[in-house]
Amino acid sequence: MIASIARWLDSRTRAAKFARSIMNHVFPDHWSFMLGEIALYAFVILVITGTFMALFFDGSSADVVYHGSYAPLVGVHMSSAYQSVLHLSFDVPAGLVIRQMHHWAADIFLGAIAAHLLRIYFTAAYRKPRELNWMIGLTLLLLAIANGFLGYSICDDLLSGAGLRIGYSILLSVPVIGPWLTFLAFGGTIPVSATIPRLFAMHIFLFPALIATLIGAHLALIWRQMHTNYPGKGRNDRVIVGSRLWPSYTLKSIGLFLFVFAVVAALGSFVQIDPVWIYGPFKADAILPGAQPDWYLGWIEGAMRLFPSVNTHFGKWLIPEVFFPGFLFPAVVFILLYAFPFIDKLISLDFRAHNVLRMPWEQPFNTALGCAVLAFLSVLFVAGGDDVIAVAAGAPLAWMRELLRYLAFAAPLLTGVVAYAICETIRRRRSRAIPAQPAEPFERSEVNVEMR
Amino acid sequence: MSENGLHRERPDLDQATERKIRTTAWFATGVMLSWNLGKRVAFALFPSLCAQQSEKQVAASNPSQLANSDRPSSSRASDLNLTLAHETHLLRRRRWGTFLVGCSFAASIAGFLLFFTAYWTGGSNQMLGGGLALFLSGWAAAFIFWAHLLTAHKEAVEPREDMQPPARDREEFEQAFCDGSRELQRRGLLKLITATGLGFVALTVVSLFRSLGFNPNNALYTTVWKRGQRLMTEDGKTIRADTLEPGSTVIVFPEESLGSEKAQTVLVRVDPSQLQLPDSRHDWAPQGNLAYSRVCTHAGCAVGLYLRTAHMLMCPCHQSTFDVLRGAQPTGGPAARPLPQLPLYVDSDGNLRAAGGFSTPPGPGFWGMPS
Ligand code: FES
């Protein structure tokens, strides 16, 4: 059976030779290589569940009166978009499970990307020849954040309505071209009827297409360059160690995909997420205190709260308040991330290609820097919910905020120093325990000579 | 109706249970993560512990070595014994593997049946998703057990392609490219038409932007408020100068566009003797009626809270506060510009009307904004 299919295909495509070489491809076995894979599978789940939902979603802000089966909202005016979300959640069999799975898959997608990014950073996997893939990965992160935001914004509920207005003001604060960009994306000063159809089109066509394309490029590069290896016995820059694509890696990978799918299904059915029917439809005169964005935007929200109130001008131009924390700060973070492989070359003065990873304790400065940035972002993340925390702790908000401002400087400093000290200790102990092995020098020139 | 059964659960699930489930999940994840991390740090700090650990790891990842570790440590073991031990081990492994794969798949079947019946009989969301999760995770476990126990795992080592490419490749590419372009005649003209064509494409795209209405024109500066518009509540009631008690508020709109978000205004009444408006605004608040734009100047949320005793309007998004008595100057939080004020007057019928547009453009700032 397989033989005859193979013959049929091969006599038309001559792919057998290629397929043979594919099966031999080697993948490392370490668990941390699965993080990127989890992100990939989360994306697959997003596409599957998203396609189902798109068939029910009505991206229109036309005013309708609800008559579905969720009793508390019967007779309430709302947008057609919000109504279609309620319809999917309450009147379509399995609709709510699929919708919650979609939202959870999005959170897991972002989480896996972030964890993957950290793994790459702390093991210096971005070094030559993988700088390009590092940048593609960062672009994927940006697109994923944007698409996540678009996704929950089009439900047109009270919570996302507030988020939408904040997103709108951030885009509006872009220097000079802000208003034009904003009108292009939102169709006018919100609320206008053009907004939801536009965001919907971006959410289901533009961004997924870009993400899928870049995932393709990311994978192609990984395939071409092969994965890195953790250092260890028998590992060097000239070989890859692990299991072959067929059969062992294929089985594990299918298992992982199914497992991610299972986790998403379990979360989607047992853990409520984004209950838009509780928030109610967006209304200009309603408010929802304690509103929070999805987790991956928490750091920007926190920055917007902690940044002091400054009224600045550039010449006669006003610089909007949200420009600094909402646009400039994330932009700087991402620019530094994009440039990091090259910054690292200047720090380490190492311009060679590497296929074996550098462990965190072998690069104390980078590790300390990474931990400090993480600490900073964590403080911002906490600050994103400072009003909720202040209420829970019974402390005055202004006081909380002042404390968090100090913490935003102190925590990174402290974490950085501690991380540096730990790395140094580990390094010293290791070099004492394991007598320094003669490094395996990897002289490119020699190899080239050999190969010619 | 079968459909009714499907959706009653979520809204009724009480908040406490909800929170408990979530906390437990986070807690478990946290414990697992910190255990793992702690172990790693500990092993890294004390390499002597590490020796045992790494042996175990090697053994787990490499069954052929696992077999070897079964080998009696003394060198007296004969070859026969060795092979026997190895064979027994493999056999045990295969049986054990088959058993686990079987169990997982049995769970998977049960999960699928649960999902399937729940779907067709209108079962609850928990049954639907739980069934799906069991079905998929059982199947996943079967694959993973298969990979680990029923696959003769050999660590593969492959040479990599050298990432430093031979210069010859590049030279050949350049050669081929140059040879090809030499066949082109009038290369200058080709460049010209390509560049011009691309320029036209850019212009076409920008022109299409126009269809998308991307030019803000005046939209960011103006609202429908103008002199003479009556202040009305959303359901169309007019407001008289004494409708509000001091210390209370109401949301008002221009009579021509009730419910407009951009024009939404909060009307606050205070004791006129407390007012500290700038001189230029001395007649903007007849009988202590103050009207401010309700769109936050920080990031556009609705400034929805009024702190009566402090005379502050507060935005729930990032907790900016605005002093109502002093022209809604920001007094706390990230907002840096006051809420635009709407000048008011009382007409001959005693109704409140706008005496003009907002003092500044309402809403979040942008770079061209007059201030
Ligand atoms: S939007 Fe009002 S404080 Fe940020």
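Val241 of chain A stands opposite Val157 of chain B, in strand E1(B). I begin with this pair of residues in what is a predicted model. The two strands concerned are E4 of chain A, residues 239–244, and E1 of chain B, residues 156–159; they pair in the antiparallel sense over 4 bridges. In general, strands of a sheet pair through backbone hydrogen bonds, either parallel or antiparallel.

Allow me to turn to the interface as a whole. How many residues of each chain are in contact with the other chain? On chain A there are 106, and they are in contact with 86 residues of chain B. The area buried between chain A and chain B is about 8,200 Å², and carbon and sulfur atoms give 64% of that area.

I come next to the polar side of this interface. Between chain A and chain B the count is 5 salt bridges. One of them joins Arg244(A) to Glu158(B), with the closest N and O atoms 3.1 Å apart. The count of residue pairs in polar contact between chain A and chain B, both at pLDDT 80 or more, is 21. Which element supplies the largest share of the side of chain A that touches chain B? That element is helix H10 of chain A, residues 245–270, from which 15 residues come. By class, this side of chain A has 59 nonpolar, 23 polar and 24 charged residues.

My second topic is a sheet within chain B. It is an open sheet of 5 strands with antiparallel pairing, in the order E2-E3-E4-E5-E10. Its edge strands are E2, residues 231–232, and E10, each of which pairs on one side only.

Let us follow the pairings along the sheet. Strand E3(B), residues 249–254, pairs with E4(B) in the antiparallel sense over 4 bridges, and here Ile251(B) stands opposite Val266(B). Strand E4(B), residues 265–269, is in turn joined to E5(B) by 5 bridges, and these two strands run antiparallel. Across that pairing, Thr265(B) stands opposite Ser293(B). Strand E5(B) also pairs with E10(B), residues 341–342, in the antiparallel sense over 2 bridges; Tyr292(B) has Gln341(B) as its bridge partner there.

Finally, is strand E5 of chain B mostly covered or uncovered? Strand E5(B), residues 289–293, is mostly covered, with 5 of its 5 residues buried. In a regular strand the side chains alternate between the two faces of the sheet. On one side of E5(B) are Asn289(B), Ala291(B) and Ser293(B), on the other Leu290(B) and Tyr292(B), and all are buried, so that both faces are covered.

Methods:
Residues are numbered from 1 along each chain as its sequence is written. Chains are lettered from A and ligands numbered from 1 in the order in which they are written. This is a predicted model: local features need pLDDT of at least 70, side-chain atom pairs count only at pLDDT 80 or more; totals for chains, interfaces and linings use all residues. Side-chain values use heavy atoms; hydrogens and water are left out. Contact means heavy atoms within 4.5 Å. Buried area is the accessible area (1.4 Å probe) that two parts lose on being put together, summed over both. A salt bridge is a side-chain nitrogen of Lys or Arg within 4 Å of a carboxyl oxygen of Asp or Glu. A polar contact is a pair of N or O atoms within 3.5 Å; within protein, one must be able to donate a hydrogen and the other to accept it, and residues adjacent in sequence count only if both atoms are side-chain atoms. Ala, Val, Leu, Ile, Met, Phe, Trp, Tyr, Cys and Pro count as nonpolar, Asp, Glu, Lys and Arg as charged, and the others, Gly among them, as polar. Two strands pair if DSSP finds at least two bridges between them. Buried means under 20% relative accessible area, exposed over 50%, partly exposed in between (1.4 Å probe, protein chains only).
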